[in-house]
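Me: I'm new to this one, so could you walk me through it in questions and answers?

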Amino acid sequence: MPVNPTASLPDEPQGAIALYWDFENLHASLCEARQGEGSYHKPDARFRLQEPLIDVQAVVDLAHALGPIAVHRAYCNWQFFGRYRDVLLQNAIELIQLFPPGASAKNGADIRLCLDAMEDLGRQPHVGTVMVVGGDSDFMPLAQKVKAAGRRLVGVGSRRTTNRHWARSCHEFRYYESLVEEAPPGPADASGVREEPLPGGPAAELVRRALRVLALRSGEPWAEPSAVERMVRRLDGSFDVREHGSDTFDALLAGLAGGLAWRDGPSGRELRWR
């Protein structure tokens with residue numbers, strides 16, 4: 001029987017995910033962490049092609065751990081962020097272009113994000129969780145409205161610049177730096193592709209990523225093969241075991257024996273990445 005990639009997984013919150021990025025907010029924070037306070041907001045630094053600093057995949061994986069993503073938007077002045085192109089396309093992110101009205105003015109991403117989020121909540125009853133990537137205190141009114149609508153709110157922001165009142169107003173808040181620290185070891189470029197691919201190729205990368213996403217939700221590195229398969233298909237809707245030289249998902253896992261550990265769990269066999 002085909003696996004439904006949007007099917008619920010064990011212990012998963014009900015409802016779909018609406019994910020919104022105040023993209024430049026996070027990028028600027030990471031830039032200033034490297035180059036010093038105020039460095040990003042100098043015109044000669046801000047209004048030029050930006051080097052990719054954000055591990056987009058680590059944040060998207062957290063959203064996948066919470067449920068299927070139904071709305072995925074990022075707000076930014078994209079004319080300077082073209083080097084993020086591949087990873088943004090691979091994750092089907094809707095890019096909202098915002099031009100700042102002046103050389104030193106804000107681009108208004110937080111206001112537009114809040115307005116869109118509230119409109120989406122009114123039109124999308126299947127959305128159960130709103131996830132906001134950004135650290136501004138400007139998001140606190142949105143937190144109040146999301147809670148009043150009976151939805152769950154998850155925030156992500158830089159430890160260095162996130163407003164503590166905004167963080168505490170969320171049902172759950174994760175610091176970006178912690179998410180990156182929890183990501184699998186091994187360098188990756190801005191497209192999210194590892195410079196040194198795992199033995200086993202793309203299938204091994206997908207299985208390891210699926211196990212990490214499942215662990216983000218449960219806090220447990222072990223998972224049943226059926227849950228791993230559902231998560232793999234959620235992460236990559238084009239996944240087909242036959243394209244990886246196997247007839248079944250179990251056969252594919254058998255081919256990755258060198259990277260997997262197995263044990264007998266309460267409901268059957270379970271696996272984790274070594």
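## A first walk through the fold

Me: Let's start with Thr-162. Which loop is Thr-162 found in?
Reply: This is a predicted model, so keep that in mind throughout. Thr-162 comes after strand 5 (152–157) and ahead of helix 7 (164–169). Its place is the loop between strand 5 and helix 7.

Me: Is Thr-162 buried or exposed?
Reply: The relative accessible area of Thr-162 is 12%. Buried means under 20%, so Thr-162 is buried.

Me: Which backbone oxygen does the side chain of Thr-162 reach?
Reply: Setting aside neighbours within four places in sequence, Thr-162 is in contact with Gly-135, Gly-157, Ala-167, Phe-173 and Tyr-175. Its side chain also reaches a backbone oxygen at 2.6 Å. That oxygen belongs to Ser-158.

Me: Ser-158 rings a bell. Which residues does Ser-29 touch, not counting those up to four places away in sequence?
Reply: Ser-29 lies in helix 1 (residues 23–35). With a relative accessible area of 4%, Ser-29 is buried. The residues touching it, beyond four places in sequence, are Ser-158, Arg-160 and Thr-161.

Me: Zooming out, how many helices and strands does the protein have?
Reply: Of its 274 residues, 50% count as buried. Among contacts with a separation of 6 or more, 63% are between residues 24 or more positions apart. As for the elements, there are 11 helices and eight strands.

Me: How do helix 5 and helix 6 lie relative to each other?
Reply: Helix 5 covers residues 109–123 and helix 6 covers residues 140–148. Their axes come within 10 Å and cross at roughly 5 degrees. Angles under 35 degrees count as roughly parallel, so helix 5 and helix 6 are roughly parallel.

Me: How many nonpolar residues does the contact of helix 5 with helix 6 have?
Reply: Helix 5 brings Leu-113, Cys-114, Ala-117, Met-118 and Leu-121, while helix 6 brings Leu-142, Lys-145 and Val-146. By class, one is charged and no polar residues take part. The nonpolar count is seven.

Me: What about helix 3 and helix 9: what is the hand of their crossing?
Reply: Helix 3 (residues 56–66) packs against helix 9 (residues 201–218) at about 60 degrees, with the axes 8 Å apart. That angle makes helix 3 oblique to helix 9. The crossing of the two is right-handed.

Me: How many charged residues are in the contact of helix 3 with helix 9?
Reply: On the helix 3 side you'll find Gln-57, Ala-58, Asp-61, Leu-62, His-64 and Ala-65. They meet Arg-209, Arg-212, Val-213, Leu-216 and Arg-217 in helix 9. Five of these residues are nonpolar and two are polar, and the charged ones number four.

Me: Sticking with helix 3, how far apart in space are Val-59 and Leu-19, C-alpha to C-alpha?
Reply: Val-59 sits in helix 3, and at a relative accessible area of 0% Val-59 is buried. Leaving out residues up to four places away in sequence, Val-59 touches Trp-21, Met-131, Val-133, Tyr-176 and Leu-179. Val-59 and Leu-19 are 40 residues apart in sequence, and their C-alpha atoms are separated by 9.8 Å.

Me: Now helix 9 again. How is helix 9 oriented to helix 10?
Reply: The axes of helix 9 and helix 10 (residues 225–235) come within 9 Å, crossing at roughly 105 degrees. Angles of 65 to 115 degrees count as roughly perpendicular, so helix 9 is roughly perpendicular to helix 10.

Me: How many charged residues are in the contact of helix 9 with helix 10?
Reply: Helix 9 contributes several residues, including Leu-206, Arg-209 and Arg-217, and helix 10 has among its own Ala-227, Met-231 and Leu-235. The contact divides into 11 nonpolar residues and no polar ones, with the charged residues numbering two.

Me: Is Pro-202 buried or exposed?
Reply: Pro-202 is in helix 9. It lies 8.3 Å from His-244, C-alpha to C-alpha, though the two are 42 residues apart in sequence. Its relative accessibility is 59%, so Pro-202 counts as exposed.

Me: Last one: what is phi of Ala-92 near?
Reply: Ala-92 is placed in the loop between helix 4 (85–90) and strand 3 (94–97), and at 62% relative accessibility it counts as exposed. Most residues other than glycine have a negative phi. Ala-92 has a positive phi, near 50 degrees.

Key. Residues numbered from 1 in each chain as written. Predicted model: local features only at pLDDT ≥ 70, side-chain atom pairs only at ≥ 80, totals over all residues. Heavy atoms only, no water. Axes fitted to C-alpha atoms, helices over the stretch in contact; angles between N-to-C directions. Helix = DSSP H or I, 4+ residues; strand = E, 2+ residues; numbered from the N terminus. Parallel < 35°, antiparallel > 145°, perpendicular 65-115°, else oblique. Left-handed = near helix turned anticlockwise from the far one by under 90°. Contact = heavy atoms within 4.5 Å. Nonpolar A, V, L, I, M, F, W, Y, C, P; charged D, E, K, R; others polar. Buried < 20%, exposed > 50% of the residue type's maximum accessible area, 1.4 Å probe, protein only. Polar contact = N/O pair within 3.5 Å; in protein donor to acceptor, adjacent residues only side chain to side chain.
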